[in-house]
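Hi everyone, thanks for coming along. I'd like to walk you through one structure today, so please have a look at the screen.

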Amino acid sequence: ATHKLLLLPGDGIGPEVMGEVEKIVSWLSKEGVASFETERDLVGGAAYDTHGKSISDETMRLADAADAVLFGAVGGAKWASVPYEHRPEAGLLRLRKDLGLFANLRPAICYPALASASSLKPELVEGLDIVIVRELTGGVYFGEPKEIVTLENGEKRAVDTQLYTTGEIDRIARVAFDLARKRRNKVSSAEKHNVMKSGVLWKEVVTRVHAQDFSDVTLEHVLADNCAMQLVRYPKQYDVIVCDNLFGDILSDVAAMLTGSLGMLPSASLGAEDPQTGKRKALYEPVHGSAPDIAGRGLANPIAMIGSLAMCLRYSFGLIEAADRLEAAITEALASGSRTKDIASEGANAVSTSEMGDAIVAALGRG
Ligand code: NAI
Ligand code: MG
């Protein structure tokens with residue numbers, strides 16, 4: 001099958017890191033590992049400069065027709081004063097909303113060569129490979145009422161509302177169980193049923209989905225605060241962690257710090273499964289932004305972007321072997337000493353964005 005890939009490099013270092021992804025896509029095609037049909041389009045500030053909008057309707061159409069979207073990063077000082085609805089981030093928000101991307105996957109992978117850069121002891125994180133599945137479109141960030149009201153006695157009262165329906169919990173649980181089947185077959189569901197009604201319902205629905213359709217996957221329930229503690233104590237006990245929007249925001253940032261640089265972290269956002277084709281809408285992007293402070297100088301680490309391609313191969317295209325091979329090539333390039341400036345040790349020689357990409361392609365060739 002030919003996989004339709006839409007590349008949206010965006011602004012700042014986005015185009016630089018996407019250039020390295022294009023090298024890898026070409027290599028995979030040339031070697032006959034997989035066949036891709038790629039298109040490239042504008043998003044963010046770059047799209048605003050051309051179309052007066054941070055994403056055009058035509059680009060949205062391409063995104064909708066693609067099997068997956070690879071997104072670089074958007075934003076920069078140049079667009080600080082454009083109208084609010086046209087700010088670069090609006091392009092990304094529209095993609096997330098219109099494609100219905102309700103599941104955010106944030107892996108924390110620790111490459112052995114970088115274990116000493118973690119905030120934990122190297123032996124605790126070496127070889128770490130976990131994914132946090134965060135519900136992205138519901139919960140306390142969106143629930144109504146959401147307001148600050150002034151009371152009769154002059155005090156103010158702030159209200160946020162944590163809301164989840166069984167349908168919302170059911171679909172995120174299914175994403176987590178599906179994912180676990182492509183990994184080490186274990187899901188840890190984090191909530192606080194001891195103090196929150198949404199936690200009670202969360203636990204109940206996850207338990208039902210598991211019993212109905214995923215009893216081959218190991219399921220454990222963990223209180224979210226304990227999960228934060230366990231992530232710092234012994235993170236390798238986990239495979240897939242599933243949680244709501246708020247807990248996911250916090251737990252994924254905790255997990256990120258287990259692994260070192262922002263330049264290393266990929267992510268995926270997935271939508272609902274099409275009942276006809278079984279395919280999901282999907283967008284893959286590095287966790288980092290457009291890094292204007294280093295843009296245009298060949299300093300950006302392309303690994304977060306290349307890791308996002310690896311996730312795309314694995315989760316959207318089912319190219320498990322190619323994904324394993326690409327991740328092994330990243331591991332090998334790092335092990336053989338290639339380091340961009342953000343991950344090089346003080347005073348050591350650093351390679352450029354493009355040299356890092358070349359080292360990964362070379363390692364693919366040997367693999
Ligand atoms: P940032 O992630 O762009 O940069 C934070 C720091 O990390 C900077 O010092 C940067 O040089 C470094 N860094 C980031 N990615 C790197 C990489 N691949 N290799 C080496 N170093 C890297 O976050 P910041 O500075 O808060 O925001 C910059 C711009 O990016 C803003 O306009 C912001 O709105 C936008 N942004 C966009 C996001 C997106 O497109 N999804 C996400 C976060 C921020
Ligand atoms: Mg956060």
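I'll start with the overall annotation, then go to the binding site, and finish with the ligand. Please keep in mind that this is a predicted model.

So, the overall picture. UniProt, in an unreviewed entry, lists residues 4-360 as "domain: Isopropylmalate dehydrogenase-like". Across residues 4-360, helix makes up 39% of the chain and strand 22%. The C-alpha atoms at the two ends of that stretch are 23 Å apart.

Now to the binding site. The unreviewed UniProt entry puts the feature "binding site" at Asp225, Asp249 and Asp253. Why do they gather at one spot? They span 29 residues in sequence, yet no two of their C-alpha atoms are more than 13.8 Å apart, so they come together in one place.

Let's take two of them in turn. Asp249 sits in helix H9, which covers residues 245-256, and Asp253 lies in helix H9 as well. Are they buried or exposed? Asp249 has 18 other C-beta atoms within 10 Å, and it is partly exposed. Asp253 has 12 other C-beta atoms within 10 Å; because exposed means 12 or fewer, Asp253 counts as exposed.

Last, the ligand. How many residues surround ligand 1? There are 20, and the closest are Gly75, Gly263, His288, Gly289 and Asn301. For those of you thinking about the chemistry of that shell, its residues divide into 10 nonpolar, 7 polar and 3 charged.

That's my tour, and I'm happy to go back to any part of it.

Technical notes. Residues numbered from 1 in each chain as written. Chains lettered and ligands numbered in written order. Predicted model: local features only at pLDDT ≥ 70, side-chain atom pairs only at ≥ 80, totals over all residues. UniProt positions renumbered as here; feature names shortened; annotations may be inferred. Helix = DSSP H or I, 4+ residues; strand = E, 2+ residues; numbered from the N terminus. Buried ≥ 20, exposed ≤ 12 C-beta atoms within 10 Å, placed from the backbone. Near = placed C-beta within 6 Å. Nonpolar A, V, L, I, M, F, W, Y, C, P; charged D, E, K, R; others polar.
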